[in-house]
Amino acid sequence: MYSNGFIARDLPPKGVSEERFALTEKGIFNSLAFIPPQYAEIDSSEELEAGRLIALIECSACHTMNATGLRPMPVMLARQGFASAEEAAEFLDILSDFSQMPPFIGNEKEEHALGTYLYSITPPGGSDAN
Ligand code: HEC
């Protein structure tokens, strides 16, 4: 199980099965029990808020969303220096290339929403702001 609670592998003795691919197809907002119903379909006016919620679910076990604290997300994002929400969303596809990070899990809309949120908290000036 990843630190964010998603199950990464089948564990037959416990009757547990891998859920990454099912969650990617259905989307996490359509799968997790505690998501407010308005997020079942993310429309563009809700992307920031939906993205922040995804960041809290999938990233906050290891990153704070503020400028200080544990591996602060804005500082991490400055290293990548994204120039657009699309770039930030594309980066999510290679998250697990970093040895300690789990893969991003979610459908395309959720990935875009998280990219939008991450871009919104990326300090201007890329790695200069680090
Ligand atoms: C299991 C812990 C863990 C989780 C969950 C996690 N990360 Fe990380 N992340 C790390 C570690 C460890 C580093 C490396 C920190 C360092 O180099 O100081 C890192 C680094 C980063 C970096 C900087 C990469 C670089 O260029 O050096 C970004 C951006 C990032 N994480 C984004 C995310 C996002 C977005 C999520 C959620 C979708 C996420 N992380 C979830 C542990 C995690």
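Two residues are in contact if their C-beta atoms, placed from the backbone, lie within 7 Å. The model used here is predicted.

**Exercise 1. The ligand shell**

Find which residues come nearest to the ligand, and which helix gives the largest share of the shell.

*Solution.*
- Step 1. The shell around the ligand holds 19 residues, and Cys59, Cys62, Met76, Arg79 and Gln100 come nearest.
- Step 2. Sort the shell by residue type: eleven are nonpolar, five polar and three charged.
- Step 3. Look for the main contributor. Helix α3 (residues 73-80) supplies the largest share, four residues.

**Exercise 2. The buried side of α3**

Name the buried residues of α3 and explain why they lie on the same side of the helix.

*Solution.*
- Step 1. List the buried residues of α3: Met73, Leu77 and Ala78.
- Step 2. Check their directions around the axis. They cover an arc of only 140°, so they sit on the same side of α3.
- Step 3. Ask what covers them. The cover includes α5 (108-120).
- Step 4. Follow the chain past the helix. Gly81 comes after α3, and its phi is positive, near 55°.

**Exercise 3. The largest nonpolar core**

Identify the residues that touch the most other members of the largest nonpolar core, and the helix with the largest share of this core.

*Solution.*
- Step 1. The core has 24 residues; Ala50, Ile54, Ala113, Leu114 and Leu118 touch the most other members.
- Step 2. Assign helices. At least two residues each come from α2 (47-58), α3, α4 (85-91) and α5.
- Step 3. Pick the largest share: α5, with five residues.
- Step 4. Trace one residue. Leaving out residues up to four places away in sequence, Leu118 touches Leu77 and Ala88.

Terms used
Residues numbered from 1 in each chain as written. Predicted model: local features only at pLDDT ≥ 70, side-chain atom pairs only at ≥ 80, totals over all residues. Near = placed C-beta within 6 Å. Nonpolar A, V, L, I, M, F, W, Y, C, P; charged D, E, K, R; others polar. Buried ≥ 20, exposed ≤ 12 C-beta atoms within 10 Å, placed from the backbone. Arc of directions from axis to C-beta. Core = buried A, V, L, I, M, F, W, Y, C linked by C-beta atoms within 7 Å.
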